[in-house]
Amino acid sequence: MTPMDSSCLASKIDPYIVRVVSSLQKAGYEAYVVGGALRDLLLGREPKDYDITTAATPEQVRAVFRKEHTLIVGRRFRLVHLMRGRDITEISTFRKRPAQSSQTNRPKRCADAPDNMIFRDNEFGTAEDDAFRRDFTVNSLFYDPVSDTIRDFTGLGMEDIRNGVVRTIGDPALRFEEDPVRILRALKLIGQYGFRFEPETEAALRASLKLIWHASPARLALELEKILRNSYTAEILSAFRKYEFLQYFLPELDRAWDSPAMQSALELLALRGERIRAGLFRRRLSSAAASPA
């Protein structure tokens, strides 16, 4: 799990993504590749998609790419989808920690949600602000493909990727309370990459599992779709089960876990994952959904 040297990234990244970042920079906006794609490149894996973060607001991003198909999406967190055929590149604006006053207008369904849960996250900031608002150190690296440089604002991102460690940025209990979907994403890192938890992060996660009930059903449905498209579906579900999260996220699967049918389904999902990684299967929901049958 040793990451490649950062100097190798320029030859690995999609030229289209380099053009997108370059276009934003030429328009006068700081811009970087960030998140899972950069993590995958450093681990020698092929990214399934790319996220870009920039100083440009969503409206300014649309103006830069006015000749291309763009959509501003999201309410809790507004960003731009830049379309290229069926492929979508997400472009977000640098964020900073939102003021507590911006969280007062809660949806009715969230009246009993934790005090620190974030419902609006559209306060813009600097690249450094944005890095410290991200969930885990392994997701906080910023890469400029034009100058071929990495910025590690937390000082722990490269080290934690190298050592395979899942560590929240800041107080882990607070970060899971702010956004319970981070619990799910932390466990995805465990299952998909074979990472291990930093002790304080693990303790906070185990104490926060029930918070997932406060997450938006739409966001959870989207996360489930991503898991089913993933080539490590079986490993991710196994991590959910190991850390006792499955009973809160997919209780039917948790109850059936030890049954012959469920174990057979996991074997089929693992085989499907191997074939996806070998380029023999596509990442289709239908093939994943058929496995438990």
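Trainee: I should like to begin with one residue, so in which helix does Asp254 lie?

Mentor: Asp254 lies in helix H13, which covers residues 251–255. Please keep in mind from the start that this is a predicted model.

Trainee: How do I read burial here, and is Asp254 buried or exposed?

Mentor: The general idea is to compare the relative accessible area with a cut-off, and a residue counts as buried when that area is under 20%. Asp254 has a relative accessible area of 19%, and therefore it is buried.

Trainee: Which residues does Asp254 touch, if I leave out those up to four places away in sequence?

Mentor: With those set aside, Asp254 touches Arg241, Leu246 and Gln247. You can also compare separation along the chain with distance in space: Asp254 and Glu244 are 10 residues apart in sequence, while their C-alpha atoms are 8.8 Å apart.

Trainee: Where is Glu244 found, and what is its phi?

Mentor: Glu244 is found in the loop between H11 and helix H12, the latter spanning 246–249. Its phi is near 65°, a positive value in a residue other than glycine. With a relative accessibility of 47%, Glu244 counts as partly exposed. Asp148 can be read in the same manner: its phi is near 55°, a positive value in a residue other than glycine, and it is found in the loop between strand S6 (142–144) and strand S7 (149–151). Asp148 has a relative accessible area of 29% and is partly exposed.

Trainee: Stepping back to the whole protein chain, how many helices and strands does it have?

Mentor: The protein chain has 15 helices and 9 strands. Of its 293 residues, 48% count as buried. Looking at contacts with a separation of 6 or more, residues 24 or more positions apart account for 66% of them.

Trainee: How should I think about a nonpolar core, and which residues touch the most other members of the largest one?

Mentor: As a general idea, nonpolar side chains in soluble globular proteins tend to be buried together. In this structure the largest nonpolar core has 63 residues, and Ile91, Phe240 and Phe245 touch the most other members. Helix H8, residues 181–193, gives the largest share of this core, with 8 residues. Apart from it lies another core, of 7 residues, including Val34, Phe94, Ala127 and Phe142.

Trainee: What is Ile91 in contact with, beyond its neighbours within four places in sequence?

Mentor: Beyond those neighbours, the contacts of Ile91 are Val20, Leu24, Ile52, Thr54, Val61, Phe65, Leu79, Val80 and Leu82.

Trainee: Now for helix packing: at what angle do H8 and H11 pack, and how far apart are their axes?

Mentor: For a pair of helices, one reads the angle together with the distance between the axes. H8 and helix H11, residues 233–242, pack at about 120° with their axes 8 Å apart, and they are therefore oblique to each other. The crossing in which H8 passes H11 is right-handed. On the H8 side, Leu184, Leu187, Lys188, Ile190, Gly191 and Gln192 take part, and they meet Glu235, Ile236, Ala239 and Phe240 in H11. Sorted by class, this contact of H8 with H11 has 6 nonpolar, 2 polar and 2 charged residues.

Trainee: How do the axes of H11 and H14 compare in angle and distance?

Mentor: The axes of H11 and helix H14, residues 260–277, cross at roughly 135° and come within 7 Å, which makes H11 oblique to H14. Thr233, Ala234 and Leu237 of H11 make the contact with Leu266, Leu269, Ala270 and Arg272 of H14. Those residues divide into 5 nonpolar, 1 polar and 1 charged.

Trainee: Could we finish with two further residues? In which strand is Thr53, and in which helix does Leu38 lie?

Mentor: Thr53 has its place in strand S2, residues 51–54, and with a relative accessible area of 0% it is buried. Its contacts beyond four places in sequence include Tyr32, Val34, Phe94, Arg134 and Phe142. Leu38 lies in helix H3, residues 36–42, and is buried, with a relative accessible area of 1%. Leu38 and Phe142 are 104 residues apart in sequence, yet 7.8 Å apart in space from C-alpha to C-alpha. Leaving aside neighbours within four places, Leu38 is in contact with Leu9, Val33, Leu141, Phe142 and Tyr143.

Terms used. Residues are numbered from 1 along each chain as its sequence is written. This is a predicted model: local features need pLDDT of at least 70, side-chain atom pairs count only at pLDDT 80 or more; totals for chains, interfaces and linings use all residues. Side-chain values use heavy atoms; hydrogens and water are left out. A nonpolar core is a set of buried Ala, Val, Leu, Ile, Met, Phe, Trp, Tyr and Cys residues joined through side-chain atoms within 4.5 Å. Buried means under 20% relative accessible area, exposed over 50%, partly exposed in between (1.4 Å probe, protein chains only). Helices (H or I, at least four residues) and strands (E, at least two) are DSSP runs, numbered from the N terminus. Contact means heavy atoms within 4.5 Å. Axes are lines fitted to C-alpha atoms, for helices over the stretch in contact, and angles run from 0 to 180 degrees between N-to-C directions. Angles under 35 degrees count as roughly parallel, over 145 as roughly antiparallel, 65 to 115 as roughly perpendicular and the rest as oblique. A crossing is left-handed if the near helix is turned anticlockwise from the far one by less than a right angle, and right-handed if clockwise. Ala, Val, Leu, Ile, Met, Phe, Trp, Tyr, Cys and Pro count as nonpolar, Asp, Glu, Lys and Arg as charged, and the others, Gly among them, as polar.
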